[in-house]
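I opened this model to look up its overall make-up, its cores and its pockets. My notes are below, in the order I took them.

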Amino acid sequence: MDKAGLSLDRMRTFVRVAERGNLSMVAKELGVGQSSVTRHLNELEEAVGVPLLSRTTRRVTLTDEGSRYYTNCLQILRLVEQAADEARDARDAPAGAVRLSCTAALGVMHITRMIFDFQDKHPDIRVDLNLTDQRIDLVREGVDVALRLGPLADSAMKLHALGESQRLLVGAPAYLSARGRPERPADLSRYETVVMSNVAGSDKLLVSSPDGTSLMIPVRGRLRVDHGLAAREALAAGRGIGPTHLWLVHDLLDDGRLEVVLGDYRPSPVPLSLLIAPERAAIARVRLLVDFLAAEVARLPGIRRS
């Protein structure tokens with residue numbers, strides 16, 4: 001076995017290719033040519049003595065041996081990074097990169113500014129912020145921490161529950177003046193509703209009454225959007241009534257551009273969580289960001305701790 005071919009750089013390249021399944025994407029991510037990625041993989045396979053990857057014109061997948069080798073590489077790289085972090089922390093402030101994924105509207109409205117404050121306190125930590133409403137695979141995408149709205153399926157990720165995001169029904173004053181205010185939940189079926197097309201079951205609205213009874217109301221809407229900021233603009237423009245997170249519209253409520261509708265009836269709150277890739281949870285800079293976000297998110301309008 002040629003031990004020179006088992007360098008950490010080649011292991012890192014192999015791990016990223018295994019997770020991304022695409023040589024050109026990894027080359028772009030690492031800032032090198034695709035030929036360099038291919039050479040690293042070939043050298044690693046030659047040193048190990050077995051094929052680790054199966055290559056087609058469209059995709060790269062792990063062989064059985066590659067799958068076992070990938071798991072061992074993750075453990076090795078995690079230990080190497082933790083050792084470096086611990087040595088650095090003993091002498092200097094934490095440094096390096098943290099990759100954070102966040103639902104888009106929350107990221108634009110609030111999380112970006114939190115990161116500014118975090119980096120003012122920790123100037124040597126770089127944060128790579130990815131804004132998406134898609135549920136991504138943290139390991140495959142190389143993400144350390146993900147801020148998620150909504151229920152979570154069983155996951156191997158480390159979970160840090162932040163609480164619940166409270167929701168309410170809102171509408172623009174001009175729209176409510178022209179159409180009249182709904183007096184009971186059943187009236188909502190006669191109004192335009194701004195519908196979130198990327199939310200399952202958005203053609204029905206589930207609200208809780210003051211006595212705790214759940215009511216399911218069918219709703220309709222000519223406008224369907226797949227982004228929270230688009231829903232915010234549509235509601236403020238008087239395109240209908242809609243359920244929304246308080247943190248998304250609190251400023252519009254404060255300045256009178258939106259009003260609460262049927263205040264005694266609330267849509268179900270939504271869980272808010274931080275997911276952390278297990279092999280990254282012990283890294284000092286990741287822990288710092290997780291703790292910082294947990295404290296700051298708890299101060300947002302409408303976030304109720306569990």
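The entries run from the whole chain to the cores and then to the pockets.

**Entry 1. The chain as a whole.** I noted first that this is a predicted model. I looked up the secondary structure and found 10 helices and 16 strands. For the extent of the C-alpha trace I wrote down about 80 × 45 × 35 Å along the principal axes. The chain has 306 residues, and 44% of them are buried. I then checked the contacts with a separation of 6 or more, and 73% of these join residues 24 or more positions apart. For the surface I have an exposed area of about 15800 Å², with 50% of it supplied by carbon and sulfur atoms.

**Entry 2. The nonpolar cores.** In soluble globular proteins, nonpolar side chains tend to be buried together. With that in mind I looked up the largest nonpolar core, which holds 58 residues. Which residues have the most contacts inside it? I listed L100, L106, I111, L147, L258, L272 and V297. I followed L100 further, leaving aside its neighbours within four places in sequence. Its contacts include I111, I115, V127, L129, V143 and V145, as well as L289 and L293. D128 and N130 are also among the contacts of L100. Another core, of 25 residues, lies apart from the largest one, and F14, L52, V139 and M157 are among its members.

**Entry 3. The largest pocket.** Rolling a probe the size of a water molecule over the atoms shows where empty space is left. I wrote down a volume of about 1000 Å³ for the largest pocket. It is lined by 43 residues, and those closest to its centre are R167, M196, V199, H245 and V270. I sorted this lining by class and got 22 nonpolar, 15 polar and 6 charged residues.

**Entry 4. The second largest pocket.** The space here comes to about 820 Å³. The lining has 28 residues, with R12, R16, E81, D144 and R280 closest to the centre of this pocket. I asked which elements give two or more residues to this lining. They are the helices α1 (8-20), α2 (23-30), α4 (64-91) and α6 (138-141), together with the strands β3 (96-102) and β4 (125-131). Which element gives the most? I found that α4 does, with 8 residues. By class, the lining of the second largest pocket has 15 charged, 11 nonpolar and 2 polar residues.

Key. Residues are numbered from 1 along each chain as its sequence is written. This is a predicted model: local features need pLDDT of at least 70, side-chain atom pairs count only at pLDDT 80 or more; totals for chains, interfaces and linings use all residues. Side-chain values use heavy atoms; hydrogens and water are left out. On a 1 Å grid over the protein atoms alone, a cavity is a set of points where a 1.4 Å probe fits but cannot get out, and a pocket is an open set with protein on both sides within 12 Å along at least five of seven lines; lining residues have an atom within 4 Å of a point. Grid points are joined across faces, edges and corners, and a volume is the space filled by probe spheres set on the points. Ala, Val, Leu, Ile, Met, Phe, Trp, Tyr, Cys and Pro count as nonpolar, Asp, Glu, Lys and Arg as charged, and the others, Gly among them, as polar. Helices (H or I, at least four residues) and strands (E, at least two) are DSSP runs, numbered from the N terminus. Buried means under 20% relative accessible area, exposed over 50%, partly exposed in between (1.4 Å probe, protein chains only). Contact means heavy atoms within 4.5 Å. Accessible areas come from the Shrake-Rupley method with a 1.4 Å probe; for residues, only the protein chains shown count as cover. A nonpolar core is a set of buried Ala, Val, Leu, Ile, Met, Phe, Trp, Tyr and Cys residues joined through side-chain atoms within 4.5 Å.
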